[in-house]
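Let's take a walk through a protein model together. Have a look at the picture, and then we'll begin with a single side chain and work outwards.

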Amino acid sequence: ERLGPELLLLAADPDHDSEIHRRFSYFSRGLYMDHLAPWFTHVAPERILVLSTAELNAHTAQTYTRCLDFLGLPPFDATFPMLNQSPSLPDEIDQPVRQRLVDAYREPNNQLYDFLGRDLGWQR
């Protein structure tokens, strides 16, 4: 509801600077197919590599190597210091809020998994 009018402004003028969109589009940013689909209409799927932050965090060096391979670049040893770490977040969120988010993202995530041909392991 907050974004409705702002989305119209952004559609009419892609250069529109929208503080409202930056601050309140957190739910829509999690609808990954909405962001990926336009790319796949212009770029061949084999030219796009989709990775998750969880993959990068859990297997940094392997994910880096996967990126180099995808780009056709030679192996390169690198170190990966932890930068810009966020403060610890609470382990649990309010259960009704959590369930609402799980329910809201279930179908969009399933569509993403089907499209990518792999399950990213997010709550279903």
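Start with Phe40, which counts as buried because its relative accessibility is 17% and the cut-off for buried is under 20%. Keep in mind as you look around that this is a predicted model. Phe115, at 39% relative accessibility, is partly exposed. The ring centres of Phe40 and Phe115 are 4.8 Å apart and the planes sit at 80°, so this pair is edge-to-face. The pair also links distant parts of the chain: Phe40 belongs to helix H4 (residues 32-42) and Phe115 to helix H7, with their positions 75 residues apart in the count.

Now, who else is tucked away with Phe40? The largest nonpolar core has 7 residues, and Phe40 is one of them, together with Met33, Leu36, Val50, Leu112, Tyr113 and Leu120. Which elements give two or more residues to this core? They are H4 and H7. H4 supplies the largest share, with 3 residues.

Tyr113 from that core turns up again in another group. Ring pairs join Tyr113 with Tyr32 and Trp122 in a cluster.

How many aromatic pairs does the structure hold? There are 5. One to look for is Phe27 with Tyr105: their ring centres lie 4.6 Å apart and their planes are at 25°, so the pair is stacked. That label fits because planes under 30 degrees apart count as stacked, while those over 60 count as edge-to-face. Phe27 sits in helix H3 (residues 26-29) and Tyr105 in helix H7 (residues 95-116), so this pair ties together parts that are 78 residues apart in sequence. Are these two residues buried or partly exposed? Tyr105 counts as buried, at 16% relative accessibility, whereas Phe27 is partly exposed, at 33%.

Time to step back and take in the whole chain. What does its secondary structure come to? You'll find 7 helices and 0 strands. Follow the sequence from one end to the other and the pattern reads α-α-α-α-α-α-α. The radius of gyration is 18 Å, well over the 14 Å that the globule rule gives for 124 residues, so the chain is more spread out than a compact globule. Along its principal axes, the C-alpha trace spans about 50 × 40 × 30 Å.

What about the inside and the outside? Of the 124 residues, 17% count as buried. The accessible surface comes to about 10100 Å², and carbon and sulfur atoms account for 57% of that. As for contacts between residues with a separation of 6 or more, 30% involve residues 24 or more positions apart.

Next, try finding a few spots that are not buried. Asp15 lies in the loop between helix H1 (4-12) and helix H2 (19-24). Is Asp15 buried or exposed? Asp15 counts as exposed because its relative accessibility is 71%, and the cut-off for exposed is over 50%. Measure from Asp15 to Leu49, C-alpha to C-alpha, and you get 27 Å, with 34 residues separating them in sequence.

Then jump to Gln111, which is in helix H7 and is partly exposed, with a relative accessible area of 43%. The C-alpha atoms of Gln111 and Asp15 are 30 Å from each other, and the two residues are 96 residues apart along the chain. Helix H7 also holds Gln99, another partly exposed residue, at 34% relative accessibility. From Gln99 to Leu7 is 27 Å, C-alpha to C-alpha, and 92 residues in sequence.

Over in helix H6 you'll spot Ala61. Its relative accessible area is 37%, so Ala61 is partly exposed. Between the C-alpha atoms of Ala61 and Asp119 there are 21 Å, and these residues are 58 residues apart along the chain.

Finally, how confident is the predictor about all this? The chain averages a pLDDT of 88, and 92% of the residues score at least 70. Where is confidence highest and where is it lowest? Helix H6 (residues 60-71) is at the top with a mean of 94, while helix H5 (residues 53-58) is lowest with a mean of 87.

Note on methods
Residues are numbered from 1 along each chain as its sequence is written. Side-chain values use heavy atoms; hydrogens and water are left out. Rings of Phe, Tyr and Trp (its six-membered ring) pair if their centres lie within 6.5 Å; planes under 30 degrees apart count as stacked, over 60 as edge-to-face and the rest as tilted. Helices (H or I, at least four residues) and strands (E, at least two) are DSSP runs, numbered from the N terminus. Buried means under 20% relative accessible area, exposed over 50%, partly exposed in between (1.4 Å probe, protein chains only). pLDDT is the predictor's confidence in each residue, from 0 to 100. A nonpolar core is a set of buried Ala, Val, Leu, Ile, Met, Phe, Trp, Tyr and Cys residues joined through side-chain atoms within 4.5 Å. The radius of gyration is taken over C-alpha atoms; the globule rule is 2.2 Å times the number of residues to the power 0.38. Contact means heavy atoms within 4.5 Å. Accessible areas come from the Shrake-Rupley method with a 1.4 Å probe; for residues, only the protein chains shown count as cover.
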